[in-house]
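Colleague: I am new to this structure and should be grateful for a close look at a single part of it. Please take one pair of helices and explain how the two are packed.

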Amino acid sequence: MSGLTVDSTGDAALELPGPVVPLPELRGRVAAALRARQQSGLITAVAPLLDQQAWFLTQELGLDRTQADQVLRTQHAILEVLAARYDALDEAIVCSEIPFAEIDGGGRIVYANAAFNELVPHPDGRDFIALFGARAPHVEEALRAGGNASLRVDVTTGNVAWPVRLEVGSLRDEDGKPGSYALLLDKTAEQSRLNALQDGVLQTDLEGRIRFANERAAQNLGYDVAELKGMALGALLLPEIEGEPDPVPGWLGSETGVSDVIRLLLKDGRTVPARVTATPYIEGSNRTAGLLMIFARLDEDLARQELKRILLDEVNPQRIIEAALRTTGKVIPFDMASFGIYDDRCLFWKGLSIFPKPDFEWSTRWFPISAETKAWLEGGRTWNNNLKSLIQQFQPDGDNDPVTQAVLDQNFTSMLVLPIREVGGFRSAVTLLSKSRSYGAMDLRTLQNLGLEEVLQAADAALERARARAQRVLKDQLNQAQTARLLAERLARGAVKTFGWAYVGVFRVDRENRKFTLMAQEAAASSLLIPSKDNAPSLLTRPKWDAHYSQDIETGMLGECLKRKSVLVVNDVDRDEETYGFIRTAPGQRSAMTVPLFLNGRIEMILDLESTERNSFVGPDKESARGLAADCEQIFAARWQEVIERALMNQIEQAAVIVDAGGAISEMNGAAERLLGKARGQALESFGAREADKAVLKRSGSELQPRTDVLLSVSAGTGLPSAEVMARAERTPLLDDYGYQLWLLTSLADQSRASDWEYLDETVTAVAQQTRAPLMVADGLLQGAISLLHQPDKIEESAQLLKQAANALLKADLTFERLSERLTIRQPPSDAPILFDPRAILGREVDKLSRSDDASLGVEQAIKVSDEITSDLDIQIMGWPARVAFAFRSALESLLLQRVAPNDPITVTLVSGEPRQVVVRMSAVKSPPIAVEAAPPIQAGRARARQLTRTASDAIEAVVRQHGGTLSASDGTLYEIRLPLAGPEVAP
């Protein structure tokens with residue numbers, strides 16, 4: 001209870017306490033009040049003092065209340081100022097995160113704030129000095145010395161030692177005896193700075209035992225940080241030369257520090273060279289507290305130098321990668337390492353080299369990369385020491401991948417990844433796996449500082465260049481293939497060699513037989529080839545492809561590819577739900593892909609790709625297959641276009657020559673080769689016989705070249721005497737982007753000669769029809785008559801045969817007029833058509849032929865005409881009367897010549913036809929056969945004549961077609977001519 005009260009005026013009033021309190025009791029009451037941390041703070045704590053003073057002034061000195069109040073008012077104001085400052089500092093100590101403790105004269109803790117309680121549970125009453133283990137004597141010395149001191153110590157609580165900086169100072173206890181306060185300052189920031197160093201840092205006490213080790217030191221030595229604390233430094237260091245004394249005692253006694261090269265003894269028993277710098281560790285009181293040692297492993301420098309030498313010594317990219325991984329293992333131990341590449345979008349990863357080669361099968365080609373894995377790579381903390389958990393987190397379907405499962409079965413627990421970036425994302429990555437080692441940030445920084453990225457990027461670039469070069473070579477080989485089968489063989493062989501696929505087959509789509517026919521196949525192992533049908537063992541190597549192998553066009557993955565007209569991929573033939581009917585032909589097949597090859601919009605071939613690895617045809621491999629198919633399709637299209645162009649060129653009867661912009665011949669057809677020889681590459685102008693001709697043949701441009709006669713020297717460039725040919729030249733620009741020109745050259749001599757030969761052929765044919773046919777008939781009749789001469793009863797029949805033979809011989813007469821008429825009929829009409837009545841024309845020809853034949857044979861009527869069209873109807877057709885008369889006459893003459901007996905009449909019938917046609921039918925009526933003895937020669941002669949005169953129907957048909965009519969097919973004994981009418985309809 002304070003001796004001051006506040007009256008109505010606001011002034012403090014002194015309340016008189018009881019008797020005087022003894023000093024020890026008063027000190028205790030003040031200390032208790034301070035520790036109670038009451039709201040009023042120091043004022044409450046010193047209330048007993050104020051009460052004691054008030055009592056003394058009133059009771060002992062006899063001052064009244066007003067006088068005592070005046071004496072104490074000034075003292076009270078001063079105490080309020082001091083109390084406010086004290087309370088603020090006291091509050092800071094209580095609420096501070098810096099551990100604080102009061103120590104009495106006996107070294108026990110009498111007060112500790114909350115932060116101290118967190119560091120040292122239940123500190124009240126504990127021996128403060130005992131908390132510092134080996135440093136306890138130094139702490140006790142500092143407390144006894146009084147004053148302020150600063151020491152680096154470790155606070156031991158349980159099995160954990162916390163490195164702190166201890167700040168101590170004098171503070172009397174509640175009994176008035178010398179005591180102390182203590183502040184424990186955190187050394188986390190200092191440790192963080194040491195942990196950030198690339199070098200290892202060790203701090204020891206005076207006995208050489210390790211008090212502190214940064215993370216780099218622990219990683220370099222292969223221990224945990226907790227394992228290193230308390231270890232003797234000499235147990236980790238060996239002299240550079242075996243047999244020399246332990247250097248640690250000398251370092252501990254040095255006052256200036258040392259620098260030396262020693263060997264580090266790692267936890268796994270290996271020794272590595274290191275450069276060491278050791279200096280005395282000085283406490284705040286300028287007293288040596290131990291040794292501070294910084295070391296750097298020299299194996300990293302040696303590894304950097306070795307990595308640089310690899311690029312100079314090695315050429316093979318695969319050996320470069322393996323040597324780089326082997327060198328990396330000397331610095332950062334691993335049980336298995338891999339180097340692989342990502343696709344352009346970082347969706348898949350493929351291992352290019354695994355070192356050392358695992359004892360399990362690496363059966364997956366491309367591993368999928370999830371979005372979480374990509375984010376993990378981009379985060380920078382690319383290490384993990386719980387591999388199973390990492391796989392479950394980032395690759396939930398890892399149980400389905402046999403490689404991932406094999407890695408877990410091998411008890412790999414830690415992983416360190418060094419992603420190698422390029423513009424736009426990741427290009428490749430190095431992965432280290434360990435069964436016992438834990439990886440961390442220091443290992444990642446070591447990988448980054450070794451220069452490993454440069455070496456692996458160079459190897460990757462070399463592999464990429466080799467792959468691109470192989471693709472160019474393959475494309476050139478495909479372009480040079482002369483046949484489809486040769487192209488298929490080169491495609492299969494080159495794809496296996498270039499892209500590393502296990503099997504490549506090329507199948508042709510045989511729609512006629514509804515089969516897929518194997519054209520070529522290639523495999524990395526013979527066991528993957530499609531087996532032969534008989535499977536018979538042979539001492540000889542089986543051919544790469546079997547021409548007899550075929551597959552139904554609707555079955556298997558090939559059939560599904562043809563049906564869907566698209567690329568099909570099966571990533572795992574054993575586990576994928578959709579396999580498109582994949583047919584297994586070898587036990588090692590794990591993934592497959594079919595790529596259709598189109599020609600003119602239709603699938604003509606299918607590329608069958610198979611692999612012994614899963615996920616082989618995703619990412620870049622899928623795009624490579626598509627690109628390869630596109631190259632093949634371009635080659636097929638170009639080859640098809642070339643074949644078509646060559647066929648069209650060869651169908652041109654003229655000499656066709658294509659020249660480039662410089663005038664050199666680039667292509668020519670067969671006619672041109674016969675005219676100019678094989679002159680590809682020669683200048684066309686060189687074949688000009690005169691300067692004017694050379695100037696014509698040198699012309700180019702986008703304008704058409706009118707037909708011009710030029711004199712060609714067909715022996716130009718051969719060294720032979722000049723052989724000249726007059727030709728008609730015509731130039732047509734191809735209007736392409738390269739200035740090519742098409743020249744058509746027509747030899748005028750050949751043209752004239754061809755016309756002459758054509759006219760001669762027509763003349764000979766006409767002569768044969770007009771003369772040889774009657775002679776053949778007469779020959780048959782004469783042989784028949786001769787066969788009857790020895791039979792007196794057949795004299796009359798023999799005489800009739802002789803008369804018919806004579807009549808046939810008369811018909812063998814051919815005048816120039818008749819020949820000219822026949823040849824003229826074959827040419828197109830040159831005069832205008834007119835209207836005429838075909839009945840009148842037919843009547844004149846029938847009368848003329850009937851009289852000539854009947855007179856010679858004494859028969860009254862040889863040709864019978866039946867006109868079924870009414871006579872009063874005027875029938876008119878548009879055409880040429882002489883030509884129609886020729887057609888009627890030629891048909892009747894052919895029929896008269898083919899009669900078997902002289903009394904056989906020829907019937908001619910005129911009827912109406914639809915629509916608006918007049919139909920003329922001519923046929924020979926057969927009579928009873930002649931004598932058996934005479935029949936064979938007569939029939940043979942007439943058959944030869946019929947075969948010869950059958951060609952006469954060509955001239956008749958030409959006339960009929962000129963008039964818009966038709967001639968029915970005839971065997972020489974029947975003609976039916978249909979001509980369109982130009983006048984009114986014919987009455988039925």
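Modeller: The model is a predicted one. The pair I have chosen is helix α12, residues 317-331, and helix α17, residues 452-480, whose axes come within 9 Å and cross at roughly 165 degrees. Because an angle over 145 degrees counts as roughly antiparallel, α12 is roughly antiparallel to α17. The crossing of these two helices is left-handed.

The contact itself can be followed residue by residue. On the α12 side it involves Pro-317, Ile-320, Ile-321, Ala-324 and Thr-328, and these meet Leu-452, Val-455, Leu-456, Ala-459, Ala-462 and Leu-463 of α17. Sorted by class, the contact of α12 with α17 has 10 nonpolar residues, one polar residue and no charged residues.

For context, the nonpolar cores may be considered next. The largest nonpolar core has 35 residues, of which Ile-863 and Met-922 touch the most other members. Two or more residues come to this core from each of α26 (838-857), α27 (881-897), β34 (906-913), β35 (917-924), α29 (952-962) and β37 (974-980). The helix α27 gives the most, with nine residues. Leaving aside residues up to four places away in sequence, Ile-863 touches Val-846, Leu-849, Ser-850, Leu-892, Leu-896, Ile-906 and Val-908.

A second core, separate from that one, has 34 residues, including Ala-303, Leu-325, Leu-418 and Leu-463. This leads back to the helix pair, since Leu-463 is also among the α17 residues that meet α12. In soluble globular proteins, nonpolar side chains tend to be buried together.

Terms used:
Residues are numbered from 1 along each chain as its sequence is written. This is a predicted model: local features need pLDDT of at least 70, side-chain atom pairs count only at pLDDT 80 or more; totals for chains, interfaces and linings use all residues. Side-chain values use heavy atoms; hydrogens and water are left out. Axes are lines fitted to C-alpha atoms, for helices over the stretch in contact, and angles run from 0 to 180 degrees between N-to-C directions. Helices (H or I, at least four residues) and strands (E, at least two) are DSSP runs, numbered from the N terminus. Angles under 35 degrees count as roughly parallel, over 145 as roughly antiparallel, 65 to 115 as roughly perpendicular and the rest as oblique. A crossing is left-handed if the near helix is turned anticlockwise from the far one by less than a right angle, and right-handed if clockwise. Contact means heavy atoms within 4.5 Å. Ala, Val, Leu, Ile, Met, Phe, Trp, Tyr, Cys and Pro count as nonpolar, Asp, Glu, Lys and Arg as charged, and the others, Gly among them, as polar. A nonpolar core is a set of buried Ala, Val, Leu, Ile, Met, Phe, Trp, Tyr and Cys residues joined through side-chain atoms within 4.5 Å. Buried means under 20% relative accessible area, exposed over 50%, partly exposed in between (1.4 Å probe, protein chains only).
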